Structure formats: structure tokens, C-alpha cells
Protein chains: 2
Amino acid sequence: MSRIQFQQVVVPPGVIDLGVGQPANALLPLELLRRAAEQRFAGPSAELLQYGAEWGDGHLRLALGAYLSEAYGCSVEAEHLFITNGNSQALDLLCTVLSRPGDVVVVEEPTYFLALTILRDHGLEVRGVAVDADGLDVDELDQVLDELAAAGRRVAFVYTIPAFQNPTGATMSAERRERLCSVSRAHDVIVVADEVYHLLRYDDGAATPSPAPMSAHVTNGAVVSIGTFSKILAPGLRLGWAHGPLALLERMAASGLIESGGGLNPVPGALVAAILEEGWQAEHLAFLRQTYARRVAIMTDALREHLPDDVAFDVPGGGYFFWLRLPDRLDAVTARARAQREGVDVRDGPLFSSGGGQRDRLRLSFAYYDDDELAQGVARLGRALRDR
Amino acid sequence: MSRIQFQQVVVPPGVIDLGVGQPANALLPLELLRRAAEQRFAGPSAELLQYGAEWGDGHLRLALGAYLSEAYGCSVEAEHLFITNGNSQALDLLCTVLSRPGDVVVVEEPTYFLALTILRDHGLEVRGVAVDADGLDVDELDQVLDELAAAGRRVAFVYTIPAFQNPTGATMSAERRERLCSVSRAHDVIVVADEVYHLLRYDDGAATPSPAPMSAHVTNGAVVSIGTFSKILAPGLRLGWAHGPLALLERMAASGLIESGGGLNPVPGALVAAILEEGWQAEHLAFLRQTYARRVAIMTDALREHLPDDVAFDVPGGGYFFWLRLPDRLDAVTARARAQREGVDVRDGPLFSSGGGQRDRLRLSFAYYDDDELAQGVARLGRALRDR
């Protein structure tokens with residue numbers, strides 16, 4: 001029965017795996033689901049068990065439009081929302097409707113490594129463009145799009161994680177976002193903005209206000225914003241949304257997957273519609289932001305205490321990750337192996353690179369462990385990275 | 001708000017749409033879901049809200065293996081089950097791992113028309129092989145595979161609906177099933193058997209026993225059987241399974257969609273695991289078989305009463321459909337238009353054809369309407385098809 005597993009991630013006993021980029025079970029809103037199920041499974045209509053409307057259940061889209069308009073601070077109309085099975089499936093479906101094998105997708109360097117596997121499954125080539133403290137380098141993007149056009153290559157889309165990026169934690173500045181829209185329009189290439197972490201902001205007191213999400217730019221026609229309940233509610237719901245131009249959402253709805261199976265995930269969708277309508281999502285997000293803000297503070301203190309002085313990092317203003325920079329004496333893959341021997345795991349930079357780079361980087365997440373485990377994990381990492 | 005819909009299928013008022021191939025809301029087991037949710041959302045563990053194990057939740061796979069072994073009458077090991085979002089998504093994922101654009105998929109002629117849209121999305125060409133009263137014509141398949149090999153074409157897989165086929169209602173004989181396995185092994189081409197209707201059998205008293213499902217042939221390595229809770233429980237669950245060779249399931253689990261998003265649909269999966277463990281699925285299936293058996297009888301009587309004598313049909317032994325044969329004087333598309341003018345809708349044969357054929361056929365479903373509506377719909381159809 002070795003192949004029968006009960007969860008995706010199994011951490012070996014005794015190990016603190018700071019690489020795990022998912023919420024702890026203790027943060028998952030089981031009680032909200034219980035209350036939502038009590039409402040929605042009471043009847044009398046069994047319509048939520050039927051094949052769903054192609055764009056997603058109308059009740060969910062209406063409640064989500066109202067919620068996002070408030071939470072994002074920009075107008076998100078229900079008509080421009082298409083319900084997905086989460087951002088991985090959204091990306092998969094966008095590949096189906098936007099790409100042909102052999103096309104190029106421009107991604108950030110570094111980027112979320114599992115997105116690269118989805119692109120590979122569609123026979124797509126990947127071209128990386130650097131990310132700095134202000135997010136994607138849009139000048140470099142412009143140049144790369146010129147080069148690709150000159151080489152006769154078709155670009156399916158640009159994939160970016162604009163806020164609290166995975167893995168760097170960087171957030172694209174408002175100015176860059178404007179310029180990204182101009183560049184994508186000029187090249188007639190759509191931007192797929194993975195806004196998974198946008199609402200997970202912990203630095204409300206910071207000097208710079210958070211830039212508006214890319215959702216605010218959807219109406220210009222060159223952006224589709226994908227979001228998910230995985231990080232703000234629960235990954236197991238497999239529920240998310242695409243906020244985009246109608247013509248694109250129509251193509252998604254006309255895919256064989258949707259025409260045949262109906263809209264995505266009507267049952268979790270009905271439960272989440274209740275959670276949104278009752279205002280429980282806003283309460284849960286406030287709880288998560290408070291929890292993660294505390295963890296960022298604890299991890300920052302621990303890193304300052306335990307890391308050797310030649311290991312550098314920025315304090316993230318949101319999201320799930322710290323992105324450490326190692327000194328020349330340490331290679332990321334070797335450093336990770338040393339960490340594992342101390343009973344702590346991390347993710348090495350090259351995992352996030354489409355070109356074998358990022359060898360001076362380690363990614364740490366603070367989402368999965370509680371305060372004490374985070375401090376203990378960082379203490380172990382400190383020992384592992386010390387010069388010897 | 002015209003784009004905000006609450007269900008996939010909206011039938012115009014006053015119309016009886018005998019084309020709708022989905023269960024009526026009244027047959028959907030809302031009370032079972034309510035009881036399952038009461039169990040699974042009570043805690044203490046919130047693990048069902050976490051990213052799921054890649055192959056699907058272990059509890060669900062174990063309960064499903066036990067259920068299918070009993071219901072199918074052949075051994076279905078949990079280790080050989082991979083949880084899907086239903087058969088449409090299973091087919092989409094099988095295309096991802098088994099095909100390259102430009103490959104050929106051999107399908108039945110006629111076949112489930114929305115499967116063709118999924119294949120098109122993957123850039124696949126379709127080649128039809130005839131279906132007769134004993135199912136797929138395996139001799140023709142053998143010949144077609146020879147031809148394709150001679151032409152240097154790569155065949156991704158053979159797609160068949162072996163029991164109570166959509167749209168013909170035909171069931172492949174046991175002998176043909178054996179031969180299908182030999183032929184597919186000889187050509188080194190895998191068979192994707194869509195066994196969506198296998199358990200929906202209504203003719204237990206029939207002279208010929210039901211052949212074993214293609215699931216019984218999985219161990220020979222040339223078959224993957226896909227099944228779904230859409231027809232035996234509820235479509236809105238978006239939950240199904242692939243029963244196949246380990247090497248194939250491993251490739252599915254290694255796809256970007258699964259690696260990134262985790263196993264498919266952990267929340268509906270946890271609810272259905274409870275329904276299986278409690279024995280409620282078996283009870284619900286017995287209820288469905290009884291209900292549909294009655295409807296087949298009612299529809300048979302009504303068709304005999306109202307159809308002109310030159311319209312022929314077989315009484316289906318299971319599944320969802322009657323497949324009428326029209327006389328020369330009637331073309332299917334014209335006949336459908338005439339039916340619509342009488343306030344009844346059907347699906348015309350060419351919809352199910354990959355080559356513009358089946359112009360003498362109409363498909364009627366008895367799943368969506370209750371007894372009285374079925375009789376009334378058939379009376380209207382009778383008027384529409386009468387010579388004039």
C-alpha cells in the first residue's frame with residue numbers, strides 16, 4: 001500500500017521543511033466550510049450538484065465580484081470573472097486557448113518552478129526576463145519581445161507574479177505595471193498576471209502604498225489576472241478565478257474541457273459563495289494577515305540572530321517567502337544539502353530558474369510552520385550555513 | 001447581467017428537450033452530501049482542505065477500490081486508481097500525457113461529440129471506426145491501425161465507450177473486448193475505455209449477461225478505464241477516476257497540473273469517500289437503476305405508440321439514450337427542426353459523427369425528465385416525424 005498517500009507533502013519525521021509553500025493545517029478554515037455546507041446542502045434545490053454553468057456558478061461570480069472590488073480597491077465585474085480549479089488549472093487552460101506547441105512564453109527569472117512544468121506539458125519554450133526589487137524588468141521584456149519577433153517566434157503570453165513574487169518576494173511598482181501594459185499592447189501579447197499573493201500583504205504601515213493589482217488593468221484588454229482561494233482560504237477547494245477580457249474568457253468557456261464537463265467545481269464553488277456572502281472570507285483573510293505578519297517578524301528576528309553575517313535577505317512585505325542571498329563561499333545546492341543534514345530543508349535557487357541560474361539563492365517559507373518551529377528551523381539553518 | 005448563468009443547460013420555457021444528457025435535479029443526492037459533510041467537516045483534522053496527494057486522496061482510493069471491485073465484479077486495486085475531475089478532465093489529461101499535436105486518435109463512429117472538442121484542443125486528428133450492435137468493429141479497427149502505421153502516422157490512443165454507448169446505446173460483446181485487447185497490444189496502442197455508463201444497467205433479466213468492464217483488462221497493460229461519479233451520484237462533484245497501468249498513472253501524476261495544484265478535488269473527494277464507506281453509493285445506484293428502468297419502459301411504450309412505423313429503434317439495456325433510425329424521407333437535421341417547432345428537442349445524428357455521417361439518426365435521452373414529461377415529449381416528437 002506504499003502508493004496510497006493521504007496528502008501531497010510528507011515531511012520526514014524530525015525535519016523542519018522551510019521549503020513547503022502551503023498553509024499549515026491549523027490555518028485551514030474547516031469551521032467555515034462546516035457552516036457553509038450546513039447552509040448549501042440543506043436544500044431544497046439540488047442545483048449545486050448539477051453540471052455547472054460554463055463560466056462558473058452565477059452566485060459565486062456575483063459574490064466574488066463584490067468581494068474583489070472591495071479587497072482589490074478596483075472595480076471587478078462579475079461578468080468578467082471565469083471560475084477555475086485554481087491557478088495551476090487556470091494556467092493549463094490558458095495554455096490550451098492561447099498557445100500552440102513551439103510558442104514561447106516569457107516568464108520571470110526566477111519564477112514559480114511548477115508553472116514551468118505546466119508550460120512544458122504544452123510544448124512551450126520558456127524565455128526568462130530578470131526580476132529586481134521593483135519586479136519584472138519591463139525594459140528587458142520589451143527588448144526580448146523585439147528579439148523574438150525579429151526571429152519570427154510566436155509569443156503565447158507573458159507570465160508574471162506581480163505581488164510578493166514566488167520566490168523573490170518582490171512586488172512590481174505601479175510605474176512598471178503601467179509600462180508593462182503599454183509594452184504588451186505594443187507587442188500584442190497578453191499578460192497573464194498570477195495574483196496569488198496580492199491580498200497577503202503584511203506591511204500596511206509601510207511608507208509606499210501597495211500598487212493596484214493587475215486586475216485594475218484588465219479593461220485595457222492586454223491583461224488577464226488569475227487568483228485563487230488556495231492561499232486565502234484553502235488549497236483543497238481547488239477553486240480560483242480568471243479576471244479578464246470577455247473575448248478571452250469566451251475562448252476558455254468554449255474549450256472541450258468546459259463544454260463537456262460544464263463549469264469548474266460547482267460544489268466547492270457553492271460553499272465558497274456562502275462564505276463570501278456571509279463576510280467570512282474577509283474575516284479569515286484578516287486572521288491570516290495577522291498570523292503571517294507575526295511569523296514574518298519572528299522569522300526576521302531568527303534570521304538576524306542565527307544567519308552568518310554574509311548571508312543577506314530583505315524582509316518580505318507579503319506573500320509566503322524569504323529569498324536569501326548566499327556569499328561566494330556557498331553554492332545553493334550544497335547549502336541545501338548541508339541544511340538537510342542539520343534537520344532543516346529549504347528550496348535552492350536553481351529550482352526556480354529556467355536557465356540554471358540563481359545558484360546563490362535559497363527560498364524559505366513561513367506559511368507551514370508555527371512560531372516555535374520557524375525559530376528552531378532557522379537556528380538549524382544558521383548552523384548549516386556557518387563557515388567551517 | 002446576461003452573462004451571469006446559474007446552470008449549464010437552460011431549456012426554453014415550454015420545451016421538452018430530450019437531448020439533455022444529464023440527470024434531473026430531483027435525482028441528485030443532496031441529502032447524502034449533507035450527511036457526508038456533517039461527518040467530514042466536523043474535524044478535528046482539516047487535512048481535507050490541504051493540497052491533495054497527487055494520485056487522489058488515499059481514503060477515497062481505498063473506498064473506491066472496494067466499491068468498484070464489488071460493483072464491477074472484478075478486482076480493482078486502490079493502487080491502480082488515480083482520482084480525476086470527471087471523465088472530460090481525465091480525457092484532457094490523457095491527451096496531455098499520451099499525445100503530441102498531429103497524432104491520430106481513433107474514435108467510434110458515432111461517438112460522444114464533446115470528446116471530439118477535447119481532442120481538437122490538443123491538436124489531434126480523429127479517425128472514426130464503425131460501431132454496430134456489438135460495439136466497436138474491431139476488425140475495422142485492426143485494418144485502420146495498419147493503414148495509419150503504413151502512412152507513418154502516430155496513434156495516441158483508441159477512445160471507446162464500451163457499455164451503453166453514447167449515442168448508440170450499443171454494448172461491446174465480451175468476445176470483441178478480448179479481441180480489442182489483442183489488437184491494441186499488437187499495435188502497441190492503448191485503449192481509453194470511457195466506462196461512464198457501465199453500472200447503469202437496467203436489463204438484469206436479459207438473456208445475455210453483461211460483459212465484464214474493460215477495467216477487468218487493465219492488468220494486461222493496454223487499457224485504461226475512466227469512470228465518473230457524474231452519472232451515478234452527481235455531475236457537480238466533478239469527480240471521477242482512471243483505473244490503469246501504474247506507468248501511465250505515474251505520468252499523469254507527474255504532469256504540471258498535478259505537481260503544481262496537487263491531487264484533484266480533495267473536498268468533493270472527502271465527501272464521496274464518506275458516501276462510499278457508508279454504503280450509500282450502492283443504495284443510490286440501486287435507486288437510479290430502478291428509476292431509469294421505469295423510464296426506459298415508459299419511453300419505449302410512448303415511442304411505440306407515437307412514432308410513425310418507419311422510424312426504428314432498439315430498447316437500450318442501460319445508459320441514458322435511445323438512438324432512433326429515420327426512414328429515407330427524413331433527414332436528421334430537418335427532423336430536429338420539425339421537432340423544435342412542436343415544442344420538443346432532440347440531438348441529430350451528425351452531431352455525433354467525426355465525418356458528417358449519421359444523417360438518419362436522432363438521439364433521445366430519458367435521464368433529465370420525469371415519466372409524464374417523457375411521454376409528452378415523445379408524443380410531440382411523434383407529431384413532428386409523421387409524414388405530411
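Below is a short set of questions and answers on a predicted model.

User: What conventions and confidence limits apply here?
Analyst: Residues are numbered from 1 along each chain as its sequence is written, with chains lettered from A and ligands numbered from 1 in the order in which they are written. In this predicted model, local features need pLDDT of at least 70, side-chain atom pairs count only at pLDDT 80 or more, and totals for chains, interfaces and linings use all residues, while side-chain values use heavy atoms and leave out hydrogens and water. The predictor's confidence in each residue is its pLDDT, from 0 to 100. In chain A, 99% of the residues score at least 70, and the average pLDDT is 95.

User: What ipTM does the predictor give the complex?
Analyst: Two scores are given for the complex. The pTM is 0.95 and the ipTM is 0.94.

User: How many aromatic pairs are there over all chains?
Analyst: Rings of Phe, Tyr and Trp (its six-membered ring) pair if their centres lie within 6.5 Å. Planes under 30 degrees apart count as stacked, over 60 as edge-to-face and the rest as tilted. By this rule, the count over all chains is 30.

User: How many residues apart in sequence are the parts that Trp55(B) and Phe82(B) tie together?
Analyst: The two rings form a tilted pair, 6.3 Å centre to centre with 55° between the planes. Helices (H or I, at least four residues) and strands (E, at least two) are DSSP runs, numbered from the N terminus. Trp55(B) lies in the loop between helix H1 (30-40) and helix H2 (58-73) of chain B and Phe82(B) in strand S2 (residues 81-84) of chain B, so the pair joins parts that are apart by 27 residues.

User: What is the relative accessibility of Phe82(B)?
Analyst: Buried means under 20% relative accessible area, exposed over 50%, and partly exposed in between (1.4 Å probe, protein chains only). Trp55(B) is buried at 12%. Phe82(B) also counts as buried, at 0%.

User: Which kind of pair do Tyr202(B) and Phe366(B) form?
Analyst: Both residues are buried. Their ring centres are 6.2 Å apart and their planes stand at 75°, so the pair is edge-to-face.

User: Which ring does Arg35(B) sit over?
Analyst: A charge sits over a ring if NZ of Lys or CZ of Arg is within 6 Å of the ring centre and within 35 degrees of the ring normal. In chain A, Arg35(A) lies over the face of Trp280(A), 4.3 Å from the ring centre. In chain B, the charged end of Arg35(B) is 4.3 Å from the centre of the ring of Trp280(B).

User: How are H3(B) and H7(B) oriented to each other?
Analyst: Axes are lines fitted to C-alpha atoms, for helices over the stretch in contact, and angles run from 0 to 180 degrees between N-to-C directions. Here the axes of helix H3 (residues 87-98) and helix H7 (residues 246-253) of chain B come within 9 Å and cross at roughly 95°. Angles under 35 degrees count as roughly parallel, over 145 as roughly antiparallel, 65 to 115 as roughly perpendicular and the rest as oblique. The two helices, H3(B) and H7(B), are therefore roughly perpendicular.

User: Which residues does Thr300(A) contact, leaving aside neighbours within four places in sequence?
Analyst: Thr300(A) is found in helix H10 (residues 280-306) of chain A and is buried at 5% relative accessible area. Contact means heavy atoms within 4.5 Å. Leaving aside those neighbours, Thr300(A) is in contact with Phe313(A), Val315(A) and Phe322(A).

User: How far apart in space are Leu49(A) and Ala270(A), C-alpha to C-alpha?
Analyst: Leu49(A) lies in the loop between helix H1 (30-40) and helix H2 (58-73) of chain A. Its contacts beyond four places in sequence include Val267(A), Leu28(B) and Pro29(B). Leu49(A) and Ala270(A) are 221 residues apart in sequence, and in space the C-alpha to C-alpha distance is 9.4 Å.

User: What is the omega of the peptide bond from Glu109(A) to Pro110(A)?
Analyst: Most peptide bonds are trans. Pro110(A) is in the loop between strand S3 (104-109) and helix H4 (113-121) of chain A. The bond from Glu109(A) to Pro110(A) is cis, with omega near 5°.

User: What is the phi of Arg238(A)?
Analyst: Most residues other than glycine have a negative phi. Arg238(A) is buried at 6% relative accessibility. Arg238(A) is not a glycine, yet its phi is positive, at about 45°.
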